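Reader: I have just opened this one and could use a walk through it. Can we start with the charged side chains?

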Amino acid sequence: QVHVAETGGGLVQAGGSLKLSCETSTSIFSIFRINTMGWYRQGPGKQRELVATVTSEGTTTYRDSVKGRFTISSISRDNAKKMVSLQMNDLKLEDTAVYYCYTRLAAKDHWGQGTQVTVSS
C-alpha cells in the first residue's frame, strides 16, 4: 500500500511565494524502491504538465518556465516515509493550477489528490 498526500497551496499574489509538501508512506520493505518523486500541474483548460522531479540519487529536472523560480527537494522522514517539497518563488499568473504530487515506486506511479495554487494579480 502506498499513500501520497500533499499539503500547502493556496492563494498568493503575483511575485509571492508558496511551498508545497508531499509525503509518501509505504512499508519499510518498499520505501527504498522509490526512484523518483515529483510534481505535475494542471491549469484551467490545460493538459497536465510536468513541473519538477527529483530522483533517489538527487538528480533534479524542471520545466523551462519554472527554472530559477521553483526548487524541488526530497528527504526521508523515517524508514517508511519520504517527503518531497516544492518551493515556488516569484509566482506568476500562469502558475495557477492544481498541483499533483507523484511517486514512482518500482515503475508504478502513485498520485496524490492535488492541491490548488492560485496566483492573483
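Author: This is a predicted model. In it, D64 and K67 form a salt bridge, with the closest N and O atoms 3.0 Å apart.

Reader: Is D64 buried or exposed?

Author: D64 is exposed, with a relative accessible area of 62%. K67 is partly exposed, at 49%.

Reader: How many salt bridges does a search of the whole structure find?

Author: The search finds 8. One of them is between D95 and R41, whose side chains meet at 2.9 Å, N to O.

Reader: Where do D95 and R41 lie?

Author: D95 is in the loop between β8 (81-88) and β9 (97-105), while R41 is in strand β4 (residues 34-42), so the salt bridge ties together parts that are 54 residues apart in sequence.

Reader: And are those two buried or exposed?

Author: D95 is buried, with a relative accessible area of 0%. R41 is buried too, and its value is 4%. The cut-off for buried is under 20%.

Reader: What does R63 form a salt bridge with?

Author: R63 pairs with E49, and their closest N and O atoms are 3.5 Å apart. This pair also links distant parts of the chain: R63 sits in the loop between β6 (60-62) and β7 (70-78), E49 in strand β5 (residues 49-55), and 14 residues separate them. Both are partly exposed, R63 with a relative accessible area of 28% and E49 with 23%.

Reader: Which residues do salt bridges with shared partners join into one network?

Author: The network consists of R41, E49, R63, R69 and D95.

Reader: Back to R41, then. Which side chains does it make polar contacts with?

Author: The R41 side chain has a polar contact of 2.7 Å with the side chain of E49. Another polar contact, of 2.9 Å, joins the side chains of R41 and Y99.

Reader: New topic. Which residues touch the most other members in the largest nonpolar core?

Author: That core has 25 residues, and the ones touching the most other members are W39, V51, F70, V84, L86, M88 and Y99. So Y99, which has the polar contact with R41, is on that list as well.

Reader: Which strands supply at least two residues each?

Author: They are β3 (18-25), β4, β5, β7, β8, β9 and β11 (115-120). The largest share, 4 residues, comes from β9.

Reader: Take V51. What is it in contact with, leaving aside its neighbours within four places in sequence?

Author: V51 is in contact with W39, Y40, R41, T61, Y62, R63, V66, F70, L86 and Y99. Among them are R41 and R63, which also belong to the salt-bridge network.

Reader: What about the strands themselves? How many bridges join β1 to β3?

Author: Strand β1 (residues 3-7) is joined to β3 by 5 bridges, and the two run antiparallel. Within this pairing, E6 stands opposite C22 in β3.

Reader: And how many bridges join β3 to β8?

Author: There are 8 bridges between β3 and β8, and these strands run antiparallel. L18 stands opposite M88 in β8. M88 came up earlier, as one of the core residues that touch the most other members.

Reader: Where do the side chains of a regular strand point?

Author: As a general matter, side chains in a regular strand alternate between the two faces of the sheet.

Reader: Last topic, rings. How many aromatic pairs does a search of the whole structure find?

Author: It finds 3 aromatic pairs. In one of them, the rings of Y40 and Y102 have centres 5.4 Å apart and planes at 75 degrees, so the pair is edge-to-face. Y40 is in strand β4 and Y102 in strand β9, 62 residues apart.

Reader: Are Y40 and Y102 buried or partly exposed?

Author: Y40 is partly exposed, at 23% relative accessibility, whereas Y102 is buried, with a relative accessible area of 4%. Y40 has another ring partner: the rings of Y40 and W111 have centres 5.2 Å apart and planes at 65 degrees, so this pair is edge-to-face as well. It links strand β4 to strand β10 (residues 108-111), where W111 lies 71 residues away from Y40. W111 is partly exposed, with a relative accessible area of 32%.

Reader: Which residues do the ring pairs link into a cluster?

Author: The cluster is made up of Y40, Y102 and W111.

Conventions: Residues are numbered from 1 along each chain as its sequence is written. This is a predicted model: local features need pLDDT of at least 70, side-chain atom pairs count only at pLDDT 80 or more; totals for chains, interfaces and linings use all residues. Side-chain values use heavy atoms; hydrogens and water are left out. A salt bridge is a side-chain nitrogen of Lys or Arg within 4 Å of a carboxyl oxygen of Asp or Glu. Buried means under 20% relative accessible area, exposed over 50%, partly exposed in between (1.4 Å probe, protein chains only). A polar contact is a pair of N or O atoms within 3.5 Å; within protein, one must be able to donate a hydrogen and the other to accept it, and residues adjacent in sequence count only if both atoms are side-chain atoms. A nonpolar core is a set of buried Ala, Val, Leu, Ile, Met, Phe, Trp, Tyr and Cys residues joined through side-chain atoms within 4.5 Å. Contact means heavy atoms within 4.5 Å. Two strands pair if DSSP finds at least two bridges between them. Rings of Phe, Tyr and Trp (its six-membered ring) pair if their centres lie within 6.5 Å; planes under 30 degrees apart count as stacked, over 60 as edge-to-face and the rest as tilted.
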